[in-house]
Amino acid sequence: VRSPRSDTRYSVAAPATDRGLTAVHDLLDRVRDEHAEFAAIDRLSFRTAIAEIVANVIDHAGLAQGSLIELDVVMSPNMIGGCVTAAGRPVEYELPDSVPLDAERGRGLLLATQLCDIRYDHVDGVNSWRVTRVVEAHSAPTN
Amino acid sequence: MIEFRTRDVGEITVVDAAGRLDLVSATLFREVIATGVARGARLFVVDLAEVVFVDSSGLGSLVAGLKLARRVGGDLRICATSEQVDLVLDLTGLGRVLHPYREVTGAIASF
């Protein structure tokens, strides 16, 4: 397993709808395919956390019709980072300590925070969720 | 997107799923199990071998399917989970509820 020598960036803007979630997954598929050098656990964890955040925004953020969600991803030697942004009112979340095993909803944000560091902010009418996973750096091939 | 195909193996209904089980497709999965229950099925095996991603909504739909099956005196098993699915089952503790099996045959034999 090795990490890239420099940052690689990706981005997508998609409607805050089911179709937008599919577009986000398509981008995350691309990131996965192009960065096999990262350990599977890091890629899976980041992908799952981002997907949970985006799904939560679509399902609960109460965005205006026609709103867009933007996702920026950066793959760095020591870190995988993502930023999900959506214009709108501030979003109030309640992060539960635990979720009953028979619950059919309510696991998404808790799951995301178990996988990555999540920072929420609302500045100038824009909600942003910064998703970070620190990864172990390995030496890149010398040839 | 996701596709579901159902087939009967004796009294057991096997649901072959392919795609992503997420916010978009969770409702459809609930409907697949509800339709099965409505036609008299009680025992379900959900084959996740071709499922590439499951999120919390997908997990919730599996829990809903399990509860629906148990409500009619049946049960639901899952099998052939990927590394990503194992990860979310482990973190949420749902592996203790959904009891993933390695293969369809093992899940069927468990009833």
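## Contact between chains A and B

In this predicted model, A40(A), I41(A), L44(A), S45(A) and T48(A) of helix α2(A) meet E83(B), Q84(B), L87(B) and V88(B) of helix α3(B), where contact means heavy atoms within 4.5 Å. By class, this contact has 5 nonpolar, 3 polar and 1 charged residues. Ala, Val, Leu, Ile, Met, Phe, Trp, Tyr, Cys and Pro count as nonpolar, Asp, Glu, Lys and Arg as charged, and the others, Gly among them, as polar.

Helix α2(A) covers residues 40–60 and helix α3(B) residues 83–92; helices are DSSP runs (H or I, at least four residues), numbered from the N terminus. Their axes lie 10 Å apart, at an angle of about 65 degrees, which makes α2(A) roughly perpendicular to α3(B). Axes are lines fitted to C-alpha atoms over the stretch in contact, and angles run from 0 to 180 degrees between N-to-C directions.

## Contact within chain B

Helix α1(B), residues 26–38, and helix α2(B), residues 56–71, have axes that come within 8 Å and cross at roughly 15 degrees. The two are therefore roughly parallel; angles under 35 degrees count as roughly parallel, over 145 as roughly antiparallel, 65 to 115 as roughly perpendicular and the rest as oblique. Among the residues in contact are F29(B) and I33(B) of α1(B) and L62(B) and L68(B) of α2(B). This contact has 8 nonpolar, 5 polar and 1 charged residues.

## Basis of the values

Local features need pLDDT of at least 70 and side-chain atom pairs pLDDT 80 or more, while totals for chains, interfaces and linings use all residues. Residues are numbered from 1 along each chain, chains are lettered from A and ligands numbered from 1 in written order, and side-chain values use heavy atoms, without hydrogens and water.
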